[in-house]
Amino acid sequence: MYEPTSFKPRARSGTENSYRRVFVRDLILNCAIGIHAHEQNAPQRVRINLELIVCEDERNLLDRIENVVDYETIVDGVRAITKESHINLVETLAERIAGLCLIDSRVARVWVSVEKLDIYAEAQSVGVEIERARSDI
């Protein structure tokens, strides 16, 4: 049986990279987004999914939030971006979110999906996915 206290991370050599995936799944927010006149008048629902590839360093996490990339900070930042001002394109929203995630130097790569949920009755969603790396900035 798994017991959280029984887990011991394996030792790493100085040349071995280790990564952690931090994710946010199916964050649904209202956002003023779109190029059409009817989209300018009212916010619409968007679904946002994120996956951050985070470089782990040699320090022990010590079970302290400041030693990890905090998904609460990321979600709060995404909420703020969606409330700032009208955005024309889902691509622009995705780029702003990727930029937010890459502010933390521990984030090596980010994958962002932005979907508009209420565009076509025949489709669950429409949108865009992007992937950005620290080397891109």
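Begin with the surface representation of the whole protein: the accessible surface comes to about 9100 Å², and carbon and sulfur atoms account for 51% of that surface. Please bear in mind throughout that this is a predicted model.

Next, switch to a cartoon view and follow the chain from the N terminus. The elements run in the order β-α-β-α-α-β-β, which amounts to three helices and four strands. The protein has 137 residues, and 34% of them are buried. Should contacts be displayed, consider those between residues at least 6 apart in sequence: 63% of them join residues at least 24 apart.

**The nonpolar core**

Now select I48, L50, L52, I97 and V112. These belong to the largest nonpolar core, which has 30 residues, and they are the ones that touch the most other members. Colour the contributing elements as well: β1 (19-31), β2, α2, α3, β3 (107-116) and β4 (126-133) each give two or more residues to this core. The largest share comes from α3, with seven residues. In soluble globular proteins, nonpolar side chains tend to be buried together.

Centre the view on I97. Which residues is I97 in contact with, leaving aside its neighbours within four places in sequence? They are I48, L50, V78, I81, V112 and V114.

**The second largest pocket**

From the core, proceed to the second largest pocket, which holds about 260 Å³ of space. Select H36, E39, K116, I119 and V126; among the 14 residues of the lining, these lie nearest the centre of the pocket. Two elements, α1 (37-40) and α3 (90-102), give two or more residues to the lining. Colouring the lining by residue character shows six nonpolar, four polar and four charged residues.

**A loop residue**

The last stop is N67. Select the loop between β2 (44-55) and α2 (71-84), where N67 is found. Is N67 buried or exposed? N67 counts as buried because its relative accessibility is 12%, and the cut-off for a buried residue is under 20%.

Finally, add D57 to the selection and draw a distance between the C-alpha atoms of the two residues. N67 and D57 are ten residues apart in sequence, and the C-alpha to C-alpha separation in space is 9.5 Å.

Technical notes. Residues numbered from 1 in each chain as written. Predicted model: local features only at pLDDT ≥ 70, side-chain atom pairs only at ≥ 80, totals over all residues. Heavy atoms only, no water. Buried < 20%, exposed > 50% of the residue type's maximum accessible area, 1.4 Å probe, protein only. 1 Å grid on protein atoms, 1.4 Å probe; cavity = no way out; pocket = protein on both sides within 12 Å on 5 of 7 lines; lining within 4 Å. Points joined across faces, edges and corners; volume = space filled by probe spheres on them. Nonpolar A, V, L, I, M, F, W, Y, C, P; charged D, E, K, R; others polar. Core = buried A, V, L, I, M, F, W, Y, C linked by side-chain atoms within 4.5 Å. Contact = heavy atoms within 4.5 Å. Areas by Shrake-Rupley, 256 points an atom, 1.4 Å probe, with all protein chains shown as cover.
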